[in-house]
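Biologist: I would like to learn how to read a model like this one feature by feature, with the general idea before the particular case. Could we begin with how exposure is judged?

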Amino acid sequence: MEDTLARLDALMNRLIEADQTASEIEPLEIANELGTIRAALMTAPAVVPRSGGERHFRCDACGTIVHGTAAPKACPRCQKTVFHPADIVE
Ligand SMILES: [Zn+2]
């Protein structure tokens, strides 16, 4: 997670620097880096598991976290169906 935030900071600094120096940036390269950062954030553990065996799942599309013994069939917020485990392993 810290590594991902460092990548995000580095990317923001590059964009600011490009703006200040009017230097060329490669939009596709930026998009690729953002995609990598997004994937890392979506799979990053974020929630301490509840007692009683319930787990947490993060919606890949909107980031909503749902708890339960298994991933829900669909996200209650956006209705998408791809989830990543979000529990912090202690
Ligand atoms: Zn969702």
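Modeller: A residue is called buried when its relative accessible area is under 20%, exposed when over 50%, and partly exposed in between. Please keep in mind throughout that this is a predicted model. By that cut-off Ala 22 is exposed, because its relative accessible area is 66%, and its place is the loop between H1 and H2.

Biologist: What is the phi of Ala 22, and which other residue that is not a glycine has a positive phi?

Modeller: Ala 22 has a positive phi of about 55° although it is not a glycine. The other case is Gln 79, again not a glycine, with a positive phi of about 70°. Gln 79 sits in the loop between strand S2 (65-68) and strand S3 (83-85), and it counts as exposed because its relative accessibility is 52%.

Biologist: How do the axes of helix H1 and helix H2 cross, and are the two helices roughly parallel or antiparallel?

Modeller: For a pair of helices one compares the N-to-C directions of the fitted axes, and an angle over 145 degrees counts as roughly antiparallel. Here the axes of H1 (residues 2-21) and H2 (residues 27-43) come within 10 Å and cross at roughly 155°, so H1 and H2 are roughly antiparallel to each other. The crossing in which H1 passes H2 is left-handed.

Biologist: Which residues of H1 and H2 meet?

Modeller: From H1 the residues are Thr 4, Arg 7, Leu 8, Leu 11, Arg 14 and Leu 15, and they meet Glu 29, Ile 30, Glu 33, Leu 34, Thr 36, Ile 37, Ala 40 and Leu 41 of H2. Asn 13 also lies in helix H1, and it is partly exposed because its relative accessible area is 49%.

Biologist: Turning to the metal, which residues are the protein donors of the zinc ion, and what is the geometry of the site?

Modeller: In general, the ideal angle for four tetrahedral donors is 109.5 degrees. In this model the donors are the SG atoms of Cys 59, Cys 62, Cys 75 and Cys 78, which lie 2.3 Å from the zinc ion. The angles among the 4 donor atoms run from 102 to 116°, and the site is tetrahedral. Along the sequence the donor residues are spaced C-x2-C-x12-C-x2-C.

Biologist: Are Cys 75 and Cys 78 buried or exposed?

Modeller: Cys 75 is buried, because its relative accessible area is 1%, whereas Cys 78 has 23% and is therefore partly exposed.

Biologist: Where is Arg 58 placed, and what does it touch?

Modeller: Arg 58 belongs to strand S1 (residues 55-59), and it is buried because its relative accessible area is 9%. Leaving aside residues up to four places away in sequence, Arg 58 touches a set of residues that includes Leu 41, Met 42, Thr 43, Gly 63, Ile 65, Phe 83 and His 84. By contrast, the C-alpha atoms of Arg 58 and Ile 30, which are 28 residues apart along the chain, are separated by 25 Å.

Biologist: How far is Val 89 from Val 47 and from Asn 13, along the chain and in space?

Modeller: Sequence separation and spatial separation have to be read side by side. Val 89 and Val 47 are 42 residues apart along the chain, with 9.1 Å between their C-alpha atoms, while Asn 13 and Val 89 are 76 residues apart in sequence and 32 Å apart in space, C-alpha to C-alpha. Val 89 is found in the segment after S3, and it counts as exposed because its relative accessibility is 77%.

Methods. Residues numbered from 1 in each chain as written. Predicted model: local features only at pLDDT ≥ 70, side-chain atom pairs only at ≥ 80, totals over all residues. Heavy atoms only, no water. Donors = N, O, S within 2.8 Å, 3.2 Å for Na, K, Ca; no water. Tetrahedral: all angles 85-135°; square planar, octahedral: opposite > 155°, others 65-115°. Buried < 20%, exposed > 50% of the residue type's maximum accessible area, 1.4 Å probe, protein only. Axes fitted to C-alpha atoms, helices over the stretch in contact; angles between N-to-C directions. Helix = DSSP H or I, 4+ residues; strand = E, 2+ residues; numbered from the N terminus. Parallel < 35°, antiparallel > 145°, perpendicular 65-115°, else oblique. Left-handed = near helix turned anticlockwise from the far one by under 90°. Contact = heavy atoms within 4.5 Å.
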